[in-house]
Each structure stands twice: as C-alpha cells, then as structure tokens.
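Please open the model in a viewer and keep the sequence panel visible. The tour below proceeds by selection, with a short account of what is found at each stop.

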Amino acid sequence: MEKCMKTNKQDTTELVIEGASCASCVGKIETALKNLNGVDSAEMNLALQTVSVDGSVATDVLIKAIEAAGYKAKSTNDASDDELLDEKEIADQKYYSGLMNKGWIALGLGIPMMLYGMLGGPMTVETNLERTVWLCIGVLCAGIMYFSGKHFYVGAWKSLLNHNANMDTLIALGTGTAWLYSMIVVLFPMALPEMARHVYFEATAMIIGLINLGLALEVKAKGRTSEAIKRLIGLQEKTARVVRDNKEIDIAIEQVLLDDIVRVRPGGKIPVDGVVMQGHSTIDESMLTGEPMPVEKVTGDKVVAGTLNKSGSILFKATHIGKDTALAQIINMVKRAQNSKPPIGRLADVIAAYFVPTIMIISIASALIWLNWGPDPTVAFAVISATTVLIIACPCALGLATPMSVMVGIGKAAEAGVLIRNGEALQTASKITAMILDKTGTITEGAPKLTDIIIADDSYTENQILTTLASLEKGSEHPLAQAIVDSAVERKLELGEVSDFQAITGMGVEANLDDQNLLFGDQKLMLANEVAVNDYVAQAQALAAEAKTPMYFAIDKKLVAIVAVADPIKADSIAAIKRLQMSGIKVVMITGDNNVTANAVAKKVGISQVYSEVLPEEKSRKVAELQAQGEIVGMTGDGINDAPALALANVGFAIGTGTDVAIESADITLMRGSLHGLADAIAISKATLSNIKQNLFGAFIYNAAGVPLAAGVLYPFFGILLNPVIAGAAMAFSSLTVVSNANRLRLFKAKDH
C-alpha cells in the first residue's frame, strides 16, 4: 500500500502566517512570495493561516519577504505534525479567548450607549455638561479602541507602509472616522451646525466588539474543519517495541531505525511501515483505505503505519520510518491539497485584490455626495455613510469562502480513502462527463483465478485433476499457470514432480508424470495430438463468452477435463459503475484484452462502449478522442501502461493498489481497490464545489447588496440609512455564515454501497 503514497518530490516549505485577515492579505502574501527568484508557486490557506511554497529559496528569505509585506511568518518544517497540531490548538485557544475578552469589553461600553440612544437619550453636544460627559466617554472609547481594536489599527498601519489595503484598513478607517468625528463634535461643537452635533462613540465600540466576537466564533468554527487531519495524525503511534540484542524494548517512534525488527501484539497499532517476517494476523486498514474488512497478513506481506493489528502477534522489518511512512505521506498530501486553490477560488482572489481600494473609493464618493446633496446635517450623514460602507464591505467572507470548503471536502475525501492531490482536481472531478475504466486491475481483480473444472472422464476426481495440473504448471511463470497452482495450494494438495516438460509456443505445455503423458493447452494443441474434444467445444466456447479462458487437459491422449481461468470482476464493480451512470457519467471500458473477453466483461458490468485490443500507447489517444468530442474525461487505471492516459485525462484516478508510475501520473488516488471510491470521489467533489459556490454567492451577494445600502441608496425613497453598528454585526455574521456552511460538508455522506 505504501506505493499509493508516493508524491511528486518538490522542495516545499510550509510557513505559518500571523496577521492575515482577509482575501486581500492572501493576495499580498502570495504576490510577495511569487516575486522572489526561485519560487515556482505559493498558495496560502486563509482558514489554516499557512502558506506552501515550492521552489529553491531559503526559508529565511521567504520569511523576510512576508515580513516586508507587513505580516509575520515562521517555518513548520522542523516540527512534527503532532507538535504543530498541538501548538496550533493552543495558539487558537489563546487567540479565541483574547478575541472574546476584547469583544465583550468593547460591547460593555457600546451596548449601554446604544440602549441609551434607543431609549431617547440625547446623543448630541449642546451644553458644557454634555461636553464633559461625552469627552470622558470619548477617552474611554479611545481606551477601548486601543485594548480591543489595536490589532486592526496595527494591521492597517502595516498595510499602509507597504502600500496595501486589507480588511484591517476598512475597519480602522470606519471606526476611526466615527470616533474622530465624534471628538470634533465634543471639542469644537460651535464649529458645526446644531443638527450635526451628534456623537457616534457607540458605533465605534459596538463595531469593534461585534467584529471581535465574529472573529472569535470563526476561530472556533474553523477548528472543526481540521478534524480529518487531526484523526490522521491521531493514527500515528507514539512508541514501538523493537527487538535489539535479542531483547524487546519500547522506544519512542522517532528512534525506530530502518531494518529494525518490530513486534506488534494483538490490539496494537502498526508504528511504521514494514514487511512481516514472522507470525500471522489480520490487520484493520479501514482508517486509511475505508475498506471495512480486516486484511490477512502472513510472512512477506506489507504492513502500514497507523493500521490496527486485530488478532495475532507479528514481527516485521521496518522499511519506511518517520516522514517516509505511508501515513506521513497521506497527511502531507492532504495538507498540501487543503492549501491548494481550485480555479473558482482564484477568481475570488483576483476580485479581492481590487476590492478594498474600490470600497475606499465608494466610501469617499458616498461621503462627498452626502456633503453636497444630502439633507442637513450633511456632515453627519456623510460620516455615517462613509463609515458604514467601510465596515460592511470587509472581505472576510470572500477570503474564507473557498479554503473553508476545500479543507472540509478534501478532509472528507481522505476519510473515505480518497486522496485528492490539488484543488483543481477537486473542482474538475465535479464536471466529469465521461469516465474511462481500464479493465484489468480496475474493474477486475487483476489476478487470474481458477473458476471451473469440467470433468470429461469420471475416473478422475476434481482434486486429482487439480493435483496433476498444478504439478505440471508449478514451474511456469505464466499468470494462468499461477492461478492453477494457487488453487491447489489453497486446497493443500500435495504436488508431484514432472519430467520432460516442454512449452509449445502459442498452444500449451506437455510433460510426463508417473509414466503418464500430460497435455494442457488450447484446442489446437489437442487437435495436433489427435485428442478428441468435439463433445466439449461448445462448453469451452460458453466459458469464453463469460470472459473466462478455457484450456483442455488430456492424459495419455484422452481428454479428462476442461479447466477455465478468469480474472474475476470485483465484487462491487457492477454497483459502483451503476452509481457513476446514474449520476449522468458515460462509462467507457478500455483494455488490451481480446474482443470476446472485453465484451463479456463489459456486458456483465453494464458498460456499452468498449475499446478492446488497445495497445498501451493507444490508451491516451482514446482519451484525446473523447476530449475532442467535448467530453470532460476521467481516466481510471492501475498499471504502468495507464500512466500516459492518466496524465492526459482532465482528471486521472489511480487505484491505490496499483503501480507507483500510475499513481504519480494521477490527480486522485483511490486507497482501496473498489470503484466505489471513484464514485465517492466524484460525489464529494460535487458536494464541495456546490458548497464553494454557495459560499461565494453568499459573500458576493452580501457585499453587492450591503454596499449600496450602506451608501444610503434607499434613503431618498424610504428614509432608511443603515446604522454602522448593524453593518458591523452583518459583516461578522457573514463570515460566520460562510464558516458554518462549509462545516455542513462534514455531515456529507456518499450514497450507501
């Protein structure tokens, strides 16, 4: 199974970012990194607060570039996944508590003031007493701005120094404008018209409080999106029992060396990847593959870190340790995929890059319009509209819309034994219209098995025939011969030694055993040796029509049996293919096998379009042909000969039990051999993309509708002007809505199978 974990070897650095708050921040950080010579790509995940950088640039250079853009960063490469997760959880909890405290303290001032105004209390400055009271409140509000809102103002200042603008810029400008105007009213009331002597300290305090609470709830909700990674990391064993100097000792997992002999008792987890040296057991691999049935393991079989030893005690030799284990590579692949962006997410980034400057322009424009054409007091209306536009337009929801859904969707896929390499594959998989399935090893088991023994001479029993046949074929490396030998071994039959063995090219084999002449092969071999087979030709043809390979067996020139070997169709292939077809996908089978066998298999599994006798180099041509017809093509295979087609397809799916080359060429790896994993991958892809669209729609609609309302477009018709406090609450609520909607994906269940 470790084959399925191979990933493209790239020089990748992962950094944890501090200070990024919205989609604009993401764009600034990615641009700063991509502008460095030697950086091939940089993708930031706002939800995880991490950025993955591919290239040949030193970590300290990357960190300096991020700091120059106005943010903080540190490397994660020197710490284990477990340590990083613990560190992140502690940091998140601390951040959450801090935000909650800041939020409630700000609301502690804002709510009483807001209630006072709602109950008819004057919010104006007319007398010296009112000036004194409001001056004290203004100073108190400044303290709130420092304690509860400092991070917004520091972030805005850093952005200004770097000629950038982000969410912090909008919040700082909005709340700062409301406070500054209010202080001018308090300090210089006579400089303003009587109707304009209104203070907005409650708006500043309420907005800072509500946004802090909204961010805190986001942090809490975002923590749930990392549950797939947490579960995977939780599979890693902390210790291992190794045999050294003929003694068994318990050591930390980090101290296990390659080729160490490791003991695992019943109920214990496999600590590292290895090969069984001694013992017999069954291993529960469901946590990695999604396959519910335990897998039997004997000497020579591979075991994978994180899986659970169910029954017997085994000794195995460590073959992959540390970050080279299958589990470690799965965790790395899932984290990388969660950091990646589907094309639809890049659209949001492009919009966000222009969004904040545009909002600032709209804010100024609305203020100027109110100053010049608004009713008295024009200054007050200008301040309200400008502040409200700035606050309601914060692009937090826009920045979270895609990464939150991608994180949950890819994590959900990993739980189902589906490893998605990147966000683009996640999006494209939802659009697939045609799926090409390789036959051998994908639809079928990929290993021939003995299926039929039709006895033609009643003087022989089935076991006698199988014993003789297996004795004849035990020296052959042909897959069909191996199927016969395996069947005899399963029945614990004792094999004999043949003599004068001869392979007859294109027809079969001949040998002698206990003074008997043995012939085993096709009809041509029988005819060449004058063995009568006419009475059984029809039965042989019937077997061939069932996708089986019939072979005649004769002893001393007399037919004694027809033996059939077939590559069995996987138990759930038919149901999985039906699932694909019911979802509107055209399923096509491709194989290098002969036309009769190919059509027989296709008929059994319900596929009408078949390409048979296709050479390996022609498979990719068939993919191109379907693409030329306008199809979005998925290709599923497990062999080296499938690799070119997997790479050319819009989305390549590799069966995880297949070859390294096939898996390297694919976009999505199915950890188990079942095609239900394929249907699950597409179902999860569709659900995730739908969730992203819902989030983006909500974020865009929120801003598209909110900004005009904030600017006062309804005032001339209905006398409605949006309060800045309501804008702050709406902004916080929009981000929370996006996060909550993304978390709904955690409840997604693929169709039962």
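How many bridges join S2 to strand S3? To find out, select S2 (39-45) and S3 (residues 50-55) in this predicted model. Six bridges join the two strands, and they run antiparallel. One residue pair may be picked out here: Ala42 has Val53 of S3 as its bridge partner.

**The sheet and its helix**

Next, extend the selection to the whole sheet. It is an open sheet of four strands in the order S2-S3-S1-S4, and the pairing is antiparallel. At the edges are S2 and strand S4 (72-75), each of which pairs on one side only. From one strand to the next, the twist averages 25°. Strands of a sheet pair through backbone hydrogen bonds.

Now add helix H2 (residues 59-68), which packs on this sheet. Helix H2 touches strand S1 (12-18), S2, S3 and S4, and its direction makes about 35° with that of S1.

**The domains**

Colour the chain by domain for the next view. The assignment gives domain 1 (12-78), domain 2 (80-233), domain 3 (239-327), domain 4 (328-416 + 689-752), domain 5 (417-445 + 570-688) and domain 6 (449-566). Between the C-alpha centres of domain 4 and domain 6 the distance is 71 Å.

**Helix H18**

Then select helix H18 (residues 537-545), in which Val537, Ala540 and Leu543 are buried. Why do they lie on the same side of H18? They cover an arc of only 120° around the axis, and this places them on one side of the helix. An α-helix has 3.6 residues a turn, so residues three or four places apart point the same way.

On the other side of H18, Ala538, Gln541 and Ala545 are exposed. Display the surroundings of the buried residues of H18: they pack against strand S16 (449-455), helix H17 (523-528), strand S20 (549-555) and strand S21 (558-566). Just after H18, select Ala547, which takes a positive phi of about 70°.

**The cysteines**

Finally, select the cysteines. How many disulfides does the structure hold? The number is zero. For Cys141, the closest cysteine sulfur is that of Cys136, at 13 Å, which is too far for a bond. A disulfide would require the two sulfur atoms to be within 2.5 Å. Is Cys141 buried or exposed? Cys141 has a relative accessible area of 0% and is therefore buried. Cys25 likewise counts as buried, at 0% relative accessibility.

Terms used: Residues numbered from 1 in each chain as written. Predicted model: local features only at pLDDT ≥ 70, side-chain atom pairs only at ≥ 80, totals over all residues. Heavy atoms only, no water. Pairing = 2+ DSSP bridges. Axes fitted to C-alpha atoms, helices over the stretch in contact; angles between N-to-C directions. Contact = heavy atoms within 4.5 Å. Buried < 20%, exposed > 50% of the residue type's maximum accessible area, 1.4 Å probe, protein only. Arc of directions from axis to C-beta. Domains from an automatic or database assignment.
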